[in-house]
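User: Please take me through this structure and justify each structural term that you apply to it.

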Amino acid sequence: MKALMSTKVGGPDTLEMLDVADPVAGKGQVVIDVKACSINYPDVLIIQDMYQFKPPRPFAPGGEVSGVVSAVGDGVTDLKVGDRVASTTGHGGLVEKVAVDQNGVFKIPDSVSFEDASALILTYGTSIHALVDRGHIKEGETLLVLGASGGVGIAAVELGKAFGARVVAAVSSEEKAAFAKAAGADETVVYERAPFDKDQSKALAAQFKAAVGPGGADVIYDAVGGDYSEPAVRSIAWEGRFLVVGFPAGIAKLPLNLTLLKSCDVCGVFWGAYAARDPKGNRAHIDRLFKLWNQGLIQPRVSETFSFENAGQAIQKMADRGAIGKLVVKIAD
């Protein structure tokens, strides 16, 4: 089969399309004939050896796929050959076939396209875990989302609205602000590109405070990091929850006195580890996501598709922070 492989440390230009052996379904596994693979920021990091996990080379990036089950291993009871499914892979998704554990595989309705299905589980799974399990979001609260036009960010915007929150979307351009508004954001903040000096940091904090209102943000969903995190924390409500989701702008350094003054929590969000540690809880979240999708409360927003041969361009666009919504690679018809 064809596979887009990372054979050495580097950017998307180092990826190579190789012929590799077809996978075999082991115990508790299924093989999926991949139809689509969505691109996420971890795909940028993993090929540079900058992600939490460093798989041995050669490996394929690609953390979530959709397709059709073509083989099942021993011990698989709820899936069969021919099922239309979506799955997380961690890595290894930019291939024609992939073997995955049954616990990470979810059946998809016939009405859902493979492109849309490939864009649901990782981003919305991250965001529902963040908002519900870590942020304990409640109806009527104010949610500030940083990086609100990206995959996990736009999912947080939609889920925040579905859960009854007032949502403020923070983004880096007017185009991205319009995108977040269309997804349901009540207010938007357009910030400048970091790095920030002290005055610029204070100015951004003032922007956040004006947008969230005098009560502050009850939950802050930070998928950006870097110089954006401290100004966001300065806008947090009393006993607010600051969710650390990602840091494409760099790892933030927070003055801990701010957490004391606001009596707020700083909560890490590591959805991949959560899903592995609590597969039943994760499955319940994914089932809830499909129900919200069916109710029209969420909708994976695929903004651009790429051919398998041009998958590196999708990863490069993600690296350049040019993605709006989800980028999807179409592997097969």
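User: Where is Pro195 found?

Analyst: Pro195 is in the loop between β10 and α6 (198–212). Helices (H or I, at least four residues) and strands (E, at least two) are DSSP runs, numbered from the N terminus. The peptide bond that leads from Ala194 to Pro195 is cis, with omega near 10°. The model is predicted: local features require pLDDT of at least 70 and side-chain atom pairs count only at pLDDT 80 or more, while totals for chains, interfaces and linings use all residues. Residues are numbered from 1 along each chain as its sequence is written, and side-chain values use heavy atoms, with hydrogens and water left out.

User: What kind of peptide bond joins Arg57 and Pro58?

Analyst: That bond is cis, with omega of about 0°. Pro58 belongs to the loop between α1 (41–46) and β4.

User: Why is Pro300 classed as buried or exposed?

Analyst: Buried means under 20% relative accessible area and exposed over 50%, with partly exposed in between (1.4 Å probe, protein chains only). Pro300 has a relative accessible area of 3%, so it is buried. Its place is the loop between α10 and β14. Not counting residues up to four places away in sequence, Pro300 touches Asp116, Ala119, Leu120, Tyr124 and Trp293; contact means heavy atoms within 4.5 Å.

User: How is His136 classed by its accessibility, and why?

Analyst: The relative accessibility of His136 is 46%, and therefore His136 counts as partly exposed. His136 sits in the loop between α3 and β8 (142–146). Its phi is near 45°, a positive value in a residue other than glycine.

User: What class does Ser263 receive, and why?

Analyst: Ser263 counts as partly exposed because its relative accessibility is 31%. This residue lies in the loop between α8 (257–262) and β13 (265–268). Phi of Ser263 is positive too, near 50°, in a residue other than glycine.

User: Why is Ser38 assigned its burial class?

Analyst: Ser38 has 0% relative accessibility and therefore counts as buried. It is part of strand β3 (residues 29–39).

User: What makes the approach of the Ser38 side chain to Lys326 a polar contact?

Analyst: A polar contact is a pair of N or O atoms within 3.5 Å; within protein, one must be able to donate a hydrogen and the other to accept it, and residues adjacent in sequence count only if both atoms are side-chain atoms. The side chains of Ser38 and Lys326 make such a contact at 3.4 Å. A polar atom of the Ser38 side chain also lies 2.8 Å from the backbone oxygen of Ser118.

User: How is Ser66 classed, and why?

Analyst: With 0% relative accessibility, Ser66 counts as buried. Ser66 is found in strand β4 (residues 64–72), and its side chain reaches the backbone oxygen of Phe114 at 2.6 Å.

User: How do you know whether the length of α10 agrees with the expected span?

Analyst: The expected span of a helix is 1.5 Å times one less than its number of residues. Helix α10 (residues 279–294) has 16 residues and should therefore span 22 Å; the end C-alpha atoms are 22 Å apart, which agrees. Its buried residues, among them His285, Phe290 and Trp293, pack against β7 (105–107), α2 (114–117), α3 (121–134), α4 (151–162) and α9 (271–277). Just after α10, Gly296 takes a positive phi of about 80°.

User: Why is α4 called largely enclosed?

Analyst: Nine of the 12 residues of α4 are buried, so the rest of the structure largely encloses this helix. Those residues include Ile154, Val157 and Leu159. The 12 residues should span 16 Å, and the end C-alpha atoms are 17 Å apart, which agrees.

User: How many bridges join β14 to β15?

Analyst: Five bridges join strand β14 (residues 302–307) to strand β15 (residues 326–330), and the two run parallel. Two strands pair if DSSP finds at least two bridges between them, so the criterion is met. Between these strands the chain passes through helix α11 (residues 311–319) in a right-handed β-α-β crossover. A crossover is right-handed if, with the strands pointing away from the viewer, the path from the first strand over the helix to the second runs clockwise.

User: In which sense do β9 and β10 pair?

Analyst: Strand β9 (residues 166–171) and strand β10 (residues 187–190) pair in the parallel sense over four bridges, with Val168 opposite Glu187 in β10. Together with helix α5 (residues 174–182), β9 and β10 make a right-handed β-α-β unit.
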